[in-house]
Amino acid sequence: MQWLEYDTDNCSIQRTLDVIGEKWTILVLREAFNGVRRFDQMRDHMGVSDPVLADRLRKLVTAGVLEALPYREPGRRTRHEYKLTEKGLDLYPVLISLLSWGDHHRADGAGPAVVVTHRDCGEPVTVAVECAAGHRLESARESRSAPGPGARRTAVG
């Protein structure tokens, strides 16, 4: 594949980053996966400003990654909590991959700040890249890219 011969406007990585490619967006997702669903709890835990958090939540709801569900505490106005949708839950391997990379390359001397384990057996959760036949790839060097059905050649200039 001659990568430079193909347009990147419809690249799935690029389109994914359009939705989740900002630091605060990834941190909102981290909070949601850890069960933090309310605006004030997210804001206080992450140390993010109200306008930034509101913008990221709005974008994730619009993209169908989070769902805003109304709730009301007695004597207070209606507010929303944010729950991961199926589309949002599909981002779990992405977050685990980022966590794993960070644990390997960026953890402090005391070790990782968070350990994710399998609820049933208690063993650590790991990231695996496999082909459809079930072969585990240990390196990017074991794969190759080819134009897919949506690939478009670049305009010759």
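Here are a few worked exercises on the predicted model shown above.

**Exercise 1. Which residues touch the most other members of the largest nonpolar core, and which elements each supply at least two of its residues?**

Step 1: start with the membership. This core has 19 residues, and Val 28, Leu 29, Met 42, Leu 53, Leu 57, Leu 60 and Leu 66 touch the most other members.

Step 2: go to the elements. At least two core residues come from each of α2 (23–33), α3 (39–46), α4 (50–62) and β2 (79–84). The largest share, 5 residues, belongs to α2.

Step 3: zoom in on one residue. Leaving aside residues up to four places away in sequence, Leu 29 touches Ile 20, Leu 60, Val 65, Leu 84, Leu 91 and Leu 95.

For background, nonpolar side chains in soluble globular proteins tend to be buried together.

**Exercise 2. How are α2 and α4 oriented to each other, and which residues meet?**

Step 1: look at the axes. Those of α2 and α4 come within 10 Å and cross at roughly 75 degrees.

Step 2: classify the angle. Values from 65 to 115 degrees count as roughly perpendicular, and α2 and α4 are therefore roughly perpendicular to each other.

Step 3: list the contact. From α2 you get Trp 24, Thr 25, Val 28 and Leu 29; facing them in α4 are Val 52, Leu 53, Arg 56, Leu 57 and Leu 60.

Step 4: sort by character. The contact of α2 with α4 splits into 7 nonpolar residues, 1 polar and 1 charged.

**Exercise 3. Which parts of the chain does the salt bridge between Arg 153 and Glu 5 tie together?**

Step 1: check the pair. The closest N and O atoms of Arg 153 and Glu 5 are 2.6 Å apart.

Step 2: place both ends. Arg 153 sits in the segment after β4 (136–137) and Glu 5 in the segment before α1 (12–20), so the bridge ties together parts 148 residues apart in sequence.

Step 3: add accessibility. Arg 153 is exposed at 54%, while Glu 5 is partly exposed at 35%.

**Exercise 4. Where do Lys 59 and Asp 55 lie, and which residues form a network with them?**

Step 1: find the bridge. Lys 59 and Asp 55 pair up with their closest N and O atoms 3.3 Å apart.

Step 2: locate it. Both residues belong to helix α4, 4 residues apart, or about one turn of the helix.

Step 3: compare with another pair. Arg 136 and Glu 138 also form a salt bridge, at 3.6 Å from N to O.

Step 4: follow shared partners. Glu 22, Asp 55, Arg 56 and Lys 59 are joined into one network of salt bridges.

Conventions
Residues are numbered from 1 along each chain as its sequence is written. This is a predicted model: local features need pLDDT of at least 70, side-chain atom pairs count only at pLDDT 80 or more; totals for chains, interfaces and linings use all residues. Side-chain values use heavy atoms; hydrogens and water are left out. A nonpolar core is a set of buried Ala, Val, Leu, Ile, Met, Phe, Trp, Tyr and Cys residues joined through side-chain atoms within 4.5 Å. Buried means under 20% relative accessible area, exposed over 50%, partly exposed in between (1.4 Å probe, protein chains only). Contact means heavy atoms within 4.5 Å. Axes are lines fitted to C-alpha atoms, for helices over the stretch in contact, and angles run from 0 to 180 degrees between N-to-C directions. Angles under 35 degrees count as roughly parallel, over 145 as roughly antiparallel, 65 to 115 as roughly perpendicular and the rest as oblique. Ala, Val, Leu, Ile, Met, Phe, Trp, Tyr, Cys and Pro count as nonpolar, Asp, Glu, Lys and Arg as charged, and the others, Gly among them, as polar. A salt bridge is a side-chain nitrogen of Lys or Arg within 4 Å of a carboxyl oxygen of Asp or Glu.
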